[in-house]
Amino acid sequence: MPDQLPHVTVIIPVYNGGEAFRQCLSALQATCYSHWDCIVVDDGSTDGSVALAQQYGAQLAAAPRPRGGPAAARNFGAQLARGELLYFIDADVLVRPDSVGCVAAVLGQAAGPAACFGSYDDEPAASNFLSQYKNLQHHYVHQTARSEASTFWSGCGAIRRDVFLALGGFDTSFRRPSIEDIELGYRLRAAGYNIYLDKQLQVKHLKRWTVRSLLITDIRDRAIPWTRLILHSKGVLNDLNLQNSQRLSTIAAFLGLAALPAGLWLAPAWLLVLLAAAVLVGLNRPFYTFLSQKRGPWFALRAMPWHWLYFIYSGLAFGSVWLQQRLAWLVGGTVLLVAFVLYFSTHLGTVISSFNKHLVDVGEIQIVLNKWGTLHHTGYPLYTILGSAFVAATNQLGLPPAAGPSLFSLFWTLVTLGLLYLFLVDITHHIPSAAVGALFAAVTFTFWINAAIPEVYSLYMASIVATLVVARRLSKNWSDNGFVVLGIILGLAGGHHRLAAFILPAVAVYLAPALWQQRHRLWWLIPAAGLAGLLTFAVYLYLPLRVWQGSDFVFGQPNTWEGFRRIFIGPRQVISVGPPSVDLEGYGSRRSIELLAALLDEVSLMGVLLGLAGLALLSWRRPERPTGLALLLTAAIAYGVGITFPIAAVASNALIPAVMALVAGSAWVVSWLAQKHPLFGWGAAAGLLALAIALAIPNWQAVHSLTHPANDGRQVLFLANQTPRPANQPEPVFMVPWGNDYFLVYFARYISHEIGGLTVVDHNANFKAYLASGRELYTLDSTFWRFPLSWWERRLDELYLAAAAPHVVQLSNQPIVRPDEAPAQSPISLGDGISLLGYRLEPAGESALRLTLYFQATYDLASDYSVTVKLTDEPIIDSPDDIVAQQDTVHPVFGWYPTSRWLPGEIVRDIYLLEWEPAGQPTRAEINLYRQSEPGVFHNLTVISIDLPIDDR
């Protein structure tokens, strides 16, 4: 019944259609099918095309982007269409009266294909040879192809409207008539839809071909972009112009062409030319027979050279694009190799103790990745799982355990650069621009430092670029699966580092046009992608799992609900949220100024200006406007986040997305100038490369000084090794506060085994339990700056100290030194209730002496005495020149155990390490306890003089 007939909307894009357009509309008026309407989308015509469309009663629509191309015009028409079937025709073809009905009959079946298309007829309108040849070639190719097609044709092609909209329509990056229909056909087949080539659906082509228009269309608008599509799709379909006979013909044509000049010197080469010609005729005999039947033998003979030329320039186009893509990979590989050499020359291959803001977490990460442990807030389970596996592999290869974590970050930084390079190639279509842009990013301080040291931001950088790459691909070619993949990437990125969540607005801007086209399906697409992203947070189960598996390096208590919550949320990041600090003079936030200075340090003033100019250009040009706006928003949000979260990340790390955006903008400026003139492009590329080199030199020095410092803090290992290991007693406990020194000592004890015989703990340990088990407790004298005596008393109830080695303190909740430990020497009363029970002299090198003193309190001491030890080579010290070496402490035990704290009878061990110039020859030591009773008034106890035997020096 008529009411059950499908409604067909004919869509015609037009730009200055002229007389051909009038004939097109006139032919359409003769349609014998009843349920149809026509939409003409004007793409900015300046002739009478608009009036013609109105004259013939078509629904007229102006393309939202004039001169946006037929792909965008057809998409706009599809959005306005009322019919469930869309029938696309070109403005220079004449449909037959039954064409619309044929489309309705094929696609109106419930089990029918999703799309169909036809061909030109065998009676081209233009009478010149090239027009006849080209249109007959098109007709022949379509009429001899398989009905189950692998592509689509928009000159006379129809598709179900719901399928068209679900796939996002034609790719609007094609702004000229090109292969947008073929590309849509590839997506149709990839999505599982059937395409039918209806050989009865034929239209007459009115175009008049010339040599120039034929070559430009075939090479620029067909062969080159089609080759890119083939290489991108990783497969050549045996269909239409890509049948096996066509490929063999291309090879034969090139063999004949190569042999032709050789025939000038080698007569046998003409045999190869003739053989190639014979192969071409044999492979294409059906086509030449068809031409002969339609236009006569002379026409077929004239067509042969053009047909062979077609194989040659199509093959050249394929080869040039193939080489260009391989060149892109070769150049990209070279960029990564250069970056690797630079990064490896500065990579951190050992464990150091440094309080530089970039290195505070390095030691912890080195331990975690070697011990399959967990990190501090917010856990970073993805980084630790992958990093632990990576380091386990490098350890098996024999690399030092401290080097593996640095190489893991280097790996992710190279991944970031590789993705960034591909992103730049995609937006610039200019390999030199992409290459210098990637190099420019590689030598910024943030990229460099995060590649040289173990740092979670290396994976964060890779996740940001991966998000941009996937978002760009979705903006060009929508895919439901791709959208879910984007959700997974965003989930992994946000789960790894919470700052990644702030890229969501930029992604939304990037995908806004595509999401609008999918708006009727977002009710399930967004929840699906969101659920996929949330499921990635399951990696956080790794944290309690490691506790249950008995890992000996786990941060916090992730096996409890409260402990897991605190680690997952990361209170440090939450606390850091707050209003920026604004200076009183109203010149803006101090943090904002700090970030601006950091940004200028990263990419220089020239880099900032170039980047902003490039992003502005990207945002101005319609095809790349989503990219430009997304990158601008990325940079702005990164800057804003750096202000709002002042302690969530150091300034340079907070600005990582902004640096990437500015790099992309700079690369775009280079490519834009290259479009104006190749010399401009090469000049701009050279300038950006020079800027990169100018940044690389100081950044290499800065990073190398951080990873290879003159003072690497490893003195703490020497001191830890001096800690006594009493024989036949439990392993002593050595406490180092959580931080750089702790990581250094822990790594040396349990991973690199540079020290042994100590149980290394941090300040959270249960010291009373260790002491109760009979184990001795030691720490460095510097610990008391962070944890004073009162802190220790709260944990031990009572506190006693004794020097154990230079700068090493023994602690206990009961007196430490036994009477039998003091040397068997006659006690010397120093006065005021203090006695010297004895001393030990030990050489500590050629020009150093270790002096151990054993003091004892005979009753409660009310005063606090300082100690000075001097070495001299004179009988009497009359002046400072008589002193060879000297050491003073405000209290005994390296200044931390006031005499007023001593119990009656308590023995206190005190140690002094004195060093002198090799030329000096000290002969005795003077020991003096003193106190200052009032300003300028000193009260001295008895001065002890000890002769230094020659053997003890």
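These are my notebook entries on a helix, a surface patch and a sheet in this structure.

**Entry 1: the model.** I am working from a predicted model.

**Entry 2: helix 13.** I looked up helix 13, which covers residues 362-371. Are its residues buried or exposed? I found 10 of the 10 buried, so the helix is largely enclosed by the rest of the structure. I took buried to mean under 20% relative accessible area. The list of buried residues includes Val-362, Ile-365, Ile-367, Val-368 and Leu-369. Glu-364 and Lys-371 are on that list too, as are Gln-366 and Asn-370.

I then asked what covers the buried residues of helix 13. The cover includes helix 14 (381-396) and helix 15 (403-428). It also includes helix 22 (542-548) and helix 31 (740-750). After helix 13 comes Trp-372, and I noted that its phi is positive, near 50 degrees.

**Entry 3: a surface patch.** Next I looked at the surface. Leu-337, Phe-340, Val-341 and Phe-344 make a nonpolar patch of about 370 Å². I placed Val-341 in helix 12, which spans residues 297-344.

**Entry 4: the sheet.** I turned to an open sheet of 5 strands and wrote down its order as 11-10-12-14-13, with mixed pairing. Which strands are at the edges? They are strand 11 (759-761) and strand 13 (800-805), each of which pairs on one side only. From one strand to the next, the twist averages 30 degrees.

I went through the pairings next. Strands of a sheet pair through backbone hydrogen bonds, in either a parallel or an antiparallel sense. Strand 10 and strand 12 run parallel and are joined by 3 bridges. I found Met-735 bridged to Thr-779 of strand 12. Strand 12 also pairs with strand 14, here in the antiparallel sense and over 4 bridges. In that pairing Thr-779 has Val-809 of strand 14 as its bridge partner. Thr-779 thus has a bridge partner in Met-735 and another in Val-809.

Strand 14 (residues 808-812) is antiparallel to strand 13 as well, over 5 bridges. Ala-802 is bridged there to Gln-810 of strand 14.

**Entry 5: strand 12 side chains.** Which way do the residues of strand 12 (777-780) point? Leu-777 and Thr-779 point one way, Tyr-778 and Leu-780 the other way. I noted that all of these are buried.

**Entry 6: back to helix 31.** I had met helix 31 among the elements covering helix 13. I now found it lying across strand 10 (733-735) and strand 11. Helix 31 runs at about 155 degrees to strand 11.

Conventions:
Residues are numbered from 1 along each chain as its sequence is written. This is a predicted model: local features need pLDDT of at least 70, side-chain atom pairs count only at pLDDT 80 or more; totals for chains, interfaces and linings use all residues. Side-chain values use heavy atoms; hydrogens and water are left out. Buried means under 20% relative accessible area, exposed over 50%, partly exposed in between (1.4 Å probe, protein chains only). Helices (H or I, at least four residues) and strands (E, at least two) are DSSP runs, numbered from the N terminus. Contact means heavy atoms within 4.5 Å. Patches are made of residues with over 30% relative accessible area and no salt bridge: like charges are joined within 9 Å, nonpolar side chains (Val, Leu, Ile, Met, Phe, Trp, Tyr) within 5 Å. Accessible areas come from the Shrake-Rupley method with a 1.4 Å probe; for residues, only the protein chains shown count as cover. A salt bridge is a side-chain nitrogen of Lys or Arg within 4 Å of a carboxyl oxygen of Asp or Glu. Two strands pair if DSSP finds at least two bridges between them. Axes are lines fitted to C-alpha atoms, for helices over the stretch in contact, and angles run from 0 to 180 degrees between N-to-C directions.
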